[in-house]
Amino acid sequence: MRFRVDRDAFAEAVAWTARALPARPSMPVLAGMRLELPSGSSALRLSSFDYEVSARAEVDVDAEEGGAVLVSGRLLAEIARNLPAQPVNMECDATRVLVTCGSARFTLLTLPLEDYPTLPEMPRTTGSLAADAFATAARQVVPAASRDDTLPMLTGVNLAFSGDSLILAATDRYRIAVRELWWRSEHPDLATSALVPARTLNDIVRSLVPGSNVDIALSTVAAGGGVTLAPGEGMIGFENSGRRTTTRLIDSDFVKYESRFPSDFSARAEVATAPLTEAVKRVALVADRSTPLRLSFTADEVVLEAGSGDDAQAVEALGVKYHGDPMRVAFSPEYFLDGLGGVQSETAHLHFTMPTKPAVISDVPADEGGRPEFRYLVMPLRVS
(Lines give C-alpha, C1' and ligand atoms only; values in the text may rest on other atoms or scores of the structure.)
Protein backbone atom coordinates (compact mmCIF):
# COMPACT_ATOMS: atom_id res chain seq x y z
CA MET A 1 0.00 0.00 0.00
CA ARG A 2 1.34 3.41 -0.96
CA PHE A 3 -0.34 6.84 -0.89
CA ARG A 4 0.07 10.56 -0.26
CA VAL A 5 -2.39 12.53 1.90
CA ASP A 6 -3.00 15.99 3.35
CA ARG A 7 -1.52 16.15 6.83
CA ASP A 8 -4.47 17.85 8.60
CA ALA A 9 -7.12 15.59 7.04
CA PHE A 10 -5.09 12.49 7.86
CA ALA A 11 -4.39 13.55 11.46
CA GLU A 12 -8.07 14.36 12.07
CA ALA A 13 -9.28 11.02 10.66
CA VAL A 14 -6.70 9.06 12.67
CA ALA A 15 -7.52 10.94 15.89
CA TRP A 16 -11.26 10.36 15.43
CA THR A 17 -10.82 6.64 14.75
CA ALA A 18 -8.43 6.24 17.70
CA ARG A 19 -11.15 7.41 20.11
CA ALA A 20 -12.81 4.00 19.82
CA LEU A 21 -9.65 2.09 20.72
CA PRO A 22 -9.98 0.17 24.01
CA ALA A 23 -7.98 1.49 26.96
CA ARG A 24 -7.10 -2.07 28.02
CA PRO A 25 -7.46 -4.32 24.96
CA SER A 26 -8.29 -7.97 25.70
CA MET A 27 -6.11 -9.00 22.74
CA PRO A 28 -3.06 -7.17 21.30
CA VAL A 29 -4.60 -6.83 17.84
CA LEU A 30 -7.52 -4.82 19.28
CA ALA A 31 -5.04 -2.02 20.01
CA GLY A 32 -4.52 -1.79 16.26
CA MET A 33 -6.00 0.54 13.67
CA ARG A 34 -6.78 -0.97 10.30
CA LEU A 35 -5.88 1.11 7.25
CA GLU A 36 -7.33 -0.10 3.97
CA LEU A 37 -7.00 1.38 0.50
CA PRO A 38 -9.13 -0.62 -1.97
CA SER A 39 -7.53 -1.14 -5.36
CA GLY A 40 -8.56 1.62 -7.77
CA SER A 41 -10.00 3.80 -4.96
CA SER A 42 -8.79 7.14 -3.61
CA ALA A 43 -10.58 6.76 -0.26
CA LEU A 44 -8.46 5.45 2.60
CA ARG A 45 -10.55 3.65 5.23
CA LEU A 46 -9.45 3.79 8.86
CA SER A 47 -11.18 1.55 11.38
CA SER A 48 -11.01 0.36 14.98
CA PHE A 49 -13.05 -2.26 16.84
CA ASP A 50 -13.10 -3.85 20.30
CA TYR A 51 -16.13 -6.16 19.91
CA GLU A 52 -18.29 -3.48 21.57
CA VAL A 53 -17.71 -0.28 19.60
CA SER A 54 -16.50 0.09 16.03
CA ALA A 55 -15.44 3.27 14.25
CA ARG A 56 -14.71 3.84 10.59
CA ALA A 57 -13.59 7.02 8.85
CA GLU A 58 -12.53 7.81 5.31
CA VAL A 59 -10.05 10.33 3.97
CA ASP A 60 -9.21 11.16 0.34
CA VAL A 61 -5.65 10.32 -0.70
CA ASP A 62 -3.50 10.30 -3.83
CA ALA A 63 -3.28 6.54 -4.23
CA GLU A 64 -0.38 4.76 -5.85
CA GLU A 65 -1.03 1.21 -4.71
CA GLY A 66 -3.89 -0.38 -2.76
CA GLY A 67 -3.66 -2.72 0.21
CA ALA A 68 -4.41 -3.07 3.92
CA VAL A 69 -2.33 -2.94 7.10
CA LEU A 70 -2.81 -3.03 10.88
CA VAL A 71 -0.69 -0.75 13.09
CA SER A 72 -0.74 0.47 16.69
CA GLY A 73 -3.63 2.95 16.74
CA ARG A 74 -2.54 5.16 19.60
CA LEU A 75 1.04 5.38 18.31
CA LEU A 76 -0.17 6.34 14.85
CA ALA A 77 -2.47 8.98 16.38
CA GLU A 78 0.41 10.50 18.36
CA ILE A 79 2.63 10.55 15.28
CA ALA A 80 -0.05 12.05 13.04
CA ARG A 81 -0.84 14.75 15.60
CA ASN A 82 2.80 15.87 15.77
CA LEU A 83 3.73 15.76 12.08
CA PRO A 84 4.91 18.98 10.44
CA ALA A 85 2.49 20.90 8.22
CA GLN A 86 3.42 19.11 4.99
CA PRO A 87 1.89 16.30 2.91
CA VAL A 88 2.21 12.81 4.42
CA ASN A 89 3.57 9.85 2.45
CA MET A 90 2.90 6.33 3.66
CA GLU A 91 4.10 3.04 2.25
CA CYS A 92 3.71 -0.40 3.72
CA ASP A 93 4.95 -3.95 3.29
CA ALA A 94 4.16 -7.10 5.20
CA THR A 95 6.04 -6.16 8.37
CA ARG A 96 6.68 -2.41 8.41
CA VAL A 97 4.97 0.91 7.70
CA LEU A 98 7.04 3.93 6.68
CA VAL A 99 5.52 7.37 7.38
CA THR A 100 7.33 10.35 5.84
CA CYS A 101 6.38 14.00 6.30
CA GLY A 102 8.92 16.64 5.31
CA SER A 103 12.18 15.66 7.00
CA ALA A 104 10.42 13.48 9.61
CA ARG A 105 10.45 9.70 9.09
CA PHE A 106 8.78 7.04 11.23
CA THR A 107 8.92 3.27 10.87
CA LEU A 108 6.13 1.31 12.56
CA LEU A 109 5.83 -2.45 12.99
CA THR A 110 2.63 -4.03 11.73
CA LEU A 111 0.25 -6.24 13.68
CA PRO A 112 -1.13 -9.52 12.26
CA LEU A 113 -3.99 -8.38 10.04
CA GLU A 114 -5.39 -11.90 9.73
CA ASP A 115 -6.12 -11.94 13.49
CA TYR A 116 -8.12 -8.73 13.41
CA PRO A 117 -11.91 -9.21 13.79
CA THR A 118 -14.30 -8.28 11.00
CA LEU A 119 -16.15 -5.03 11.65
CA PRO A 120 -19.93 -5.35 12.00
CA GLU A 121 -22.00 -4.19 9.05
CA MET A 122 -23.84 -0.91 9.43
CA PRO A 123 -27.62 -1.50 9.57
CA ARG A 124 -29.87 0.36 7.13
CA THR A 125 -30.58 3.96 8.06
CA THR A 126 -33.69 4.24 10.21
CA GLY A 127 -33.84 8.05 10.28
CA SER A 128 -31.85 11.22 10.72
CA LEU A 129 -31.79 14.54 12.55
CA ALA A 130 -29.65 17.64 12.92
CA ALA A 131 -26.32 16.81 14.54
CA ASP A 132 -26.43 19.96 16.69
CA ALA A 133 -29.85 19.07 18.11
CA PHE A 134 -28.84 15.47 18.80
CA ALA A 135 -25.60 16.53 20.49
CA THR A 136 -27.45 19.04 22.68
CA ALA A 137 -30.05 16.45 23.69
CA ALA A 138 -27.40 13.89 24.59
CA ARG A 139 -25.46 16.40 26.69
CA GLN A 140 -28.66 17.23 28.57
CA VAL A 141 -29.37 13.65 29.66
CA VAL A 142 -25.96 11.90 29.85
CA PRO A 143 -25.06 13.43 33.28
CA ALA A 144 -28.02 11.60 34.84
CA ALA A 145 -26.73 8.18 33.78
CA SER A 146 -25.10 6.06 36.47
CA ARG A 147 -21.35 5.36 36.51
CA ASP A 148 -21.82 2.17 38.51
CA ASP A 149 -21.14 -0.73 36.14
CA THR A 150 -22.71 -3.23 38.54
CA LEU A 151 -26.11 -2.06 37.24
CA PRO A 152 -25.60 -1.91 33.44
CA MET A 153 -29.17 -0.76 32.73
CA LEU A 154 -28.57 2.49 34.62
CA THR A 155 -25.34 3.26 32.71
CA GLY A 156 -27.19 3.78 29.43
CA VAL A 157 -29.22 6.42 27.66
CA ASN A 158 -32.55 5.13 26.39
CA LEU A 159 -33.45 6.25 22.87
CA ALA A 160 -37.19 5.79 22.34
CA PHE A 161 -38.37 6.10 18.74
CA SER A 162 -42.03 6.69 17.94
CA GLY A 163 -42.85 7.99 14.48
CA ASP A 164 -41.19 11.40 14.14
CA SER A 165 -40.53 11.68 17.89
CA LEU A 166 -37.24 10.75 19.57
CA ILE A 167 -36.98 10.75 23.39
CA LEU A 168 -33.67 10.43 25.23
CA ALA A 169 -33.77 9.44 28.91
CA ALA A 170 -31.25 8.48 31.59
CA THR A 171 -31.38 7.82 35.33
CA ASP A 172 -29.15 6.75 38.21
CA ARG A 173 -32.14 6.24 40.58
CA TYR A 174 -31.67 9.64 42.25
CA ARG A 175 -32.56 11.73 39.19
CA ILE A 176 -34.13 11.26 35.77
CA ALA A 177 -33.32 13.43 32.73
CA VAL A 178 -35.65 13.35 29.73
CA ARG A 179 -35.36 15.23 26.43
CA GLU A 180 -37.85 15.02 23.56
CA LEU A 181 -37.03 16.18 20.03
CA TRP A 182 -38.15 15.78 16.44
CA TRP A 183 -36.38 13.57 13.94
CA ARG A 184 -37.07 12.40 10.38
CA SER A 185 -37.93 8.71 10.46
CA GLU A 186 -37.74 6.46 7.41
CA HIS A 187 -40.61 4.46 8.96
CA PRO A 188 -43.64 6.55 10.06
CA ASP A 189 -44.94 3.58 12.08
CA LEU A 190 -41.65 2.96 13.89
CA ALA A 191 -42.05 2.18 17.60
CA THR A 192 -38.98 0.85 19.37
CA SER A 193 -36.22 1.77 21.80
CA ALA A 194 -32.47 1.24 22.16
CA LEU A 195 -30.42 1.42 25.36
CA VAL A 196 -27.06 2.92 24.37
CA PRO A 197 -24.04 3.03 26.74
CA ALA A 198 -23.86 6.63 27.98
CA ARG A 199 -20.07 6.92 27.70
CA THR A 200 -20.15 5.77 24.08
CA LEU A 201 -23.00 8.13 23.19
CA ASN A 202 -21.16 11.02 24.81
CA ASP A 203 -18.03 10.27 22.77
CA ILE A 204 -20.08 10.04 19.58
CA VAL A 205 -21.84 13.41 19.96
CA ARG A 206 -18.62 15.19 20.94
CA SER A 207 -17.20 14.50 17.48
CA LEU A 208 -20.28 15.33 15.37
CA VAL A 209 -19.69 17.97 12.69
CA PRO A 210 -21.70 21.15 13.50
CA GLY A 211 -24.32 22.11 10.93
CA SER A 212 -24.56 18.58 9.53
CA ASN A 213 -27.01 15.70 9.93
CA VAL A 214 -26.52 12.42 11.77
CA ASP A 215 -28.08 9.20 10.48
CA ILE A 216 -29.22 6.62 13.03
CA ALA A 217 -29.30 3.00 11.92
CA LEU A 218 -31.16 0.15 13.62
CA SER A 219 -31.86 -3.40 12.52
CA THR A 220 -35.65 -3.32 12.30
CA VAL A 221 -38.45 -5.71 11.34
CA ALA A 222 -42.15 -5.30 10.64
CA ALA A 223 -44.25 -6.51 13.57
CA GLY A 224 -47.90 -6.12 14.52
CA GLY A 225 -48.61 -3.52 11.86
CA GLY A 226 -45.59 -1.42 12.86
CA VAL A 227 -41.80 -1.45 12.80
CA THR A 228 -39.68 -2.50 15.79
CA LEU A 229 -36.15 -3.58 16.69
CA ALA A 230 -35.08 -6.90 15.17
CA PRO A 231 -34.71 -9.56 17.90
CA GLY A 232 -31.17 -10.57 18.76
CA GLU A 233 -29.48 -7.77 16.80
CA GLY A 234 -28.47 -5.60 19.77
CA MET A 235 -26.64 -2.91 17.79
CA ILE A 236 -27.10 0.71 16.75
CA GLY A 237 -25.14 2.75 14.23
CA PHE A 238 -24.47 6.47 13.78
CA GLU A 239 -23.14 8.07 10.60
CA ASN A 240 -22.04 11.69 10.28
CA SER A 241 -20.03 13.32 7.49
CA GLY A 242 -18.65 10.01 6.23
CA ARG A 243 -17.77 8.68 9.69
CA ARG A 244 -19.52 5.62 11.05
CA THR A 245 -19.78 4.29 14.61
CA THR A 246 -21.57 1.17 15.76
CA THR A 247 -22.04 0.03 19.35
CA ARG A 248 -23.64 -2.89 21.08
CA LEU A 249 -26.80 -2.07 22.99
CA ILE A 250 -27.26 -2.79 26.68
CA ASP A 251 -29.39 -5.93 26.88
CA SER A 252 -31.95 -4.71 29.37
CA ASP A 253 -35.31 -2.95 29.52
CA PHE A 254 -35.18 0.67 30.64
CA VAL A 255 -37.20 1.71 33.69
CA LYS A 256 -40.77 2.94 33.24
CA TYR A 257 -40.06 6.49 34.31
CA GLU A 258 -43.11 8.55 33.30
CA SER A 259 -45.04 7.58 36.43
CA ARG A 260 -42.17 8.94 38.55
CA PHE A 261 -42.88 12.50 37.39
CA PRO A 262 -45.57 14.12 39.58
CA SER A 263 -48.74 15.18 37.77
CA ASP A 264 -49.61 17.94 40.26
CA PHE A 265 -47.43 20.45 42.06
CA SER A 266 -48.04 22.58 45.14
CA ALA A 267 -45.44 25.23 44.27
CA ARG A 268 -43.65 26.58 41.22
CA ALA A 269 -40.73 28.96 40.74
CA GLU A 270 -39.58 30.84 37.65
CA VAL A 271 -36.00 32.09 37.78
CA ALA A 272 -33.39 33.30 35.29
CA THR A 273 -31.27 30.26 34.42
CA ALA A 274 -27.82 31.83 34.12
CA PRO A 275 -27.91 33.92 37.35
CA LEU A 276 -29.21 30.94 39.34
CA THR A 277 -26.52 28.67 37.90
CA GLU A 278 -23.77 31.12 38.79
CA ALA A 279 -25.16 31.65 42.29
CA VAL A 280 -25.30 27.89 42.92
CA LYS A 281 -21.69 27.52 41.78
CA ARG A 282 -20.58 30.27 44.16
CA VAL A 283 -22.49 28.97 47.18
CA ALA A 284 -21.38 25.40 46.47
CA LEU A 285 -17.73 26.42 46.86
CA VAL A 286 -18.06 25.77 50.60
CA ALA A 287 -19.87 22.44 50.10
CA ASP A 288 -18.28 19.02 49.75
CA ARG A 289 -19.97 15.99 48.20
CA SER A 290 -22.01 15.33 51.35
CA THR A 291 -22.99 18.94 52.06
CA PRO A 292 -26.48 19.92 50.85
CA LEU A 293 -27.38 23.07 48.97
CA ARG A 294 -30.38 24.60 50.76
CA LEU A 295 -32.92 26.77 48.93
CA SER A 296 -35.56 28.80 50.76
CA PHE A 297 -38.35 30.13 48.54
CA THR A 298 -40.68 33.03 49.31
CA ALA A 299 -42.95 35.10 47.05
CA ASP A 300 -40.21 37.07 45.29
CA GLU A 301 -36.91 35.67 46.53
CA VAL A 302 -34.90 32.48 46.86
CA VAL A 303 -32.08 32.29 49.41
CA LEU A 304 -29.29 29.81 48.70
CA GLU A 305 -27.23 28.48 51.61
CA ALA A 306 -24.47 25.91 52.14
CA GLY A 307 -22.38 25.00 55.17
CA SER A 308 -23.30 25.36 58.83
CA GLY A 309 -21.94 25.41 62.36
CA ASP A 310 -18.15 25.41 62.49
CA ASP A 311 -17.83 24.81 58.73
CA ALA A 312 -17.39 27.43 56.04
CA GLN A 313 -20.72 29.00 55.07
CA ALA A 314 -22.16 30.83 52.08
CA VAL A 315 -25.44 32.66 51.53
CA GLU A 316 -26.82 34.41 48.43
CA ALA A 317 -30.27 35.71 47.50
CA LEU A 318 -31.87 35.98 44.04
CA GLY A 319 -35.10 37.44 42.74
CA VAL A 320 -37.65 34.85 41.67
CA LYS A 321 -41.30 34.47 40.69
CA TYR A 322 -42.69 31.98 43.17
CA HIS A 323 -46.22 30.61 43.46
CA GLY A 324 -47.10 28.58 46.54
CA ASP A 325 -46.45 28.44 50.26
CA PRO A 326 -42.90 29.26 51.44
CA MET A 327 -40.69 26.20 51.09
CA ARG A 328 -37.23 25.14 52.17
CA VAL A 329 -35.67 22.29 50.16
CA ALA A 330 -32.15 20.86 49.84
CA PHE A 331 -30.31 19.16 46.98
CA SER A 332 -26.92 17.80 46.09
CA PRO A 333 -25.16 20.80 44.46
CA GLU A 334 -23.81 18.57 41.67
CA TYR A 335 -27.21 17.07 40.85
CA PHE A 336 -28.93 20.46 40.96
CA LEU A 337 -26.33 22.01 38.63
CA ASP A 338 -26.64 19.10 36.19
CA GLY A 339 -30.35 19.84 35.95
CA LEU A 340 -29.87 23.57 35.44
CA GLY A 341 -27.18 22.80 32.84
CA GLY A 342 -29.75 21.00 30.72
CA VAL A 343 -32.11 24.00 30.57
CA GLN A 344 -31.70 25.77 27.22
CA SER A 345 -34.21 28.58 27.80
CA GLU A 346 -33.34 31.85 29.57
CA THR A 347 -35.82 31.00 32.32
CA ALA A 348 -35.91 27.78 34.31
CA HIS A 349 -39.08 26.38 35.86
CA LEU A 350 -38.79 24.61 39.21
CA HIS A 351 -41.77 22.52 40.33
CA PHE A 352 -42.28 21.22 43.89
CA THR A 353 -44.79 19.06 45.76
CA MET A 354 -43.17 18.72 49.22
CA PRO A 355 -39.66 19.38 50.56
CA THR A 356 -39.11 15.62 50.87
CA LYS A 357 -40.58 14.65 47.47
CA PRO A 358 -38.91 14.79 44.03
CA ALA A 359 -38.70 18.20 42.35
CA VAL A 360 -38.74 18.82 38.60
CA ILE A 361 -36.54 21.30 36.73
CA SER A 362 -37.59 22.12 33.18
CA ASP A 363 -37.20 24.64 30.40
CA VAL A 364 -40.02 26.91 29.23
CA PRO A 365 -42.53 25.03 27.02
CA ALA A 366 -42.84 26.25 23.44
CA ASP A 367 -46.62 26.50 23.90
CA GLU A 368 -48.37 27.86 26.97
CA GLY A 369 -49.50 24.89 29.04
CA GLY A 370 -47.54 22.43 26.87
CA ARG A 371 -44.97 19.89 27.96
CA PRO A 372 -41.38 21.16 28.07
CA GLU A 373 -38.79 19.56 25.79
CA PHE A 374 -36.43 18.98 28.74
CA ARG A 375 -37.45 17.63 32.15
CA TYR A 376 -35.18 16.73 35.05
CA LEU A 377 -36.54 15.04 38.15
CA VAL A 378 -34.24 15.12 41.17
CA MET A 379 -34.58 13.72 44.68
CA PRO A 380 -34.07 16.25 47.50
CA LEU A 381 -31.84 15.63 50.51
CA ARG A 382 -33.23 15.43 54.01
CA VAL A 383 -31.95 18.17 56.31
CA SER A 384 -32.68 18.83 59.96
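How many bridges join strand 2 to strand 3, and in which direction do the two strands run? In the predicted model described here, strand 2 and strand 3 (residues 43-49) are joined by 3 bridges and run antiparallel. Within this pair, arginine 34 has serine 47 of strand 3 as its bridge partner. In general, the strands of a sheet pair through backbone hydrogen bonds, in either a parallel or an antiparallel manner.

The chain is divided into domain 1 (2-111), domain 2 (125-258) and domain 3 (261-378). The centres of domain 1 and domain 3, taken over C-alpha atoms, are separated by 49 Å.

Strand 2 and strand 3 belong to an open sheet of 9 strands, in which the order is 6-2-3-4-20-19-16-10-14 and the pairing is antiparallel. Strand 6 and strand 14 (184-185) form the edges of this sheet, each pairing on one side only. Helix 3 (residues 131-141) lies across strand 10 (125-130), strand 16 (213-218) and strand 19. The angle between helix 3 and strand 10 is about 90°.

Helix 2 (residues 73-81) has Gly73, Leu76, Ala77, Ile79 and Ala80 as its buried residues. Viewed down the axis of helix 2, these residues fall within an arc of 165° and therefore line one face of the helix. The cover over the buried residues of helix 2 includes helix 1 (7-18) as well as strand 2 (32-37), strand 6 (67-72), strand 7 (88-92) and strand 9 (104-109). Two of these elements, strand 6 and strand 2, also appear in the order of the 9-stranded sheet.

Attention turns next to two loop residues and their backbone geometry. In general, most residues other than glycine have a negative phi. Arginine 173, which is not a glycine, has a positive phi of about 85°. This residue is located in the loop between strand 12 (165-171) and strand 13 (175-182), and arginine 173 counts as exposed because its relative accessibility is 56%. Serine 241 likewise is a residue other than glycine with a positive phi, here near 50°. Serine 241 is placed in the loop between strand 19 (235-240) and strand 20 (243-248). With a relative accessible area of 47%, serine 241 is partly exposed.

The surroundings of arginine 173 involve threonine 171, a residue of strand 12. A polar atom of the threonine 171 side chain lies 3.1 Å from the backbone nitrogen of arginine 173. The side chain of threonine 171 also reaches the backbone oxygen of arginine 175, at 2.7 Å. Threonine 171 counts as buried, at 4% relative accessibility, whereas arginine 173 is exposed. When residues up to four places away in sequence are not counted, threonine 171 touches Ala144, Ala145, Ser146, Leu154, Ile176, Phe254 and Val255.

A further open sheet consists of 4 strands in the order 24-23-22-26, with antiparallel pairing. Its edge strands are strand 24 (314-319) and strand 26 (327-331), each of which pairs on one side only. Neighbouring strands of this sheet are turned against each other by 20° on average, direction ignored. Strand 22 and strand 26 run antiparallel and are joined by 5 bridges; across this pairing, arginine 294 stands opposite alanine 330 in strand 26.

Helix 5 lies across strand 22, strand 23 (301-306) and strand 24. Relative to strand 24, helix 5 runs at about 170°. The residues Thr273, Leu276, Thr277, Ala279, Val280 and Val283 of helix 5 are buried. These residues cover an arc of only 165° around the axis, which puts them on the same side of helix 5. Strand 21 (267-272), strand 22, strand 23, strand 24, helix 6 (333-341) and strand 27 (347-352) are included in what covers the buried residues of helix 5.

Alanine 287 is located in the loop between helix 5 (273-283) and strand 22 (293-298). Its relative accessible area is 18%, and alanine 287 is therefore buried, the cut-off being under 20%. Apart from neighbours within four places in sequence, alanine 287 is in contact with Ala306 and Pro333. Alanine 287 and proline 333 are 46 residues apart in sequence, and their C-alpha atoms are 7.9 Å apart in space.

How values were computed. Residues numbered from 1 in each chain as written. Predicted model: local features only at pLDDT ≥ 70, side-chain atom pairs only at ≥ 80, totals over all residues. Heavy atoms only, no water. Domains from an automatic or database assignment. Buried < 20%, exposed > 50% of the residue type's maximum accessible area, 1.4 Å probe, protein only. Contact = heavy atoms within 4.5 Å. Arc of directions from axis to C-beta. Pairing = 2+ DSSP bridges. Axes fitted to C-alpha atoms, helices over the stretch in contact; angles between N-to-C directions. Polar contact = N/O pair within 3.5 Å; in protein donor to acceptor, adjacent residues only side chain to side chain.
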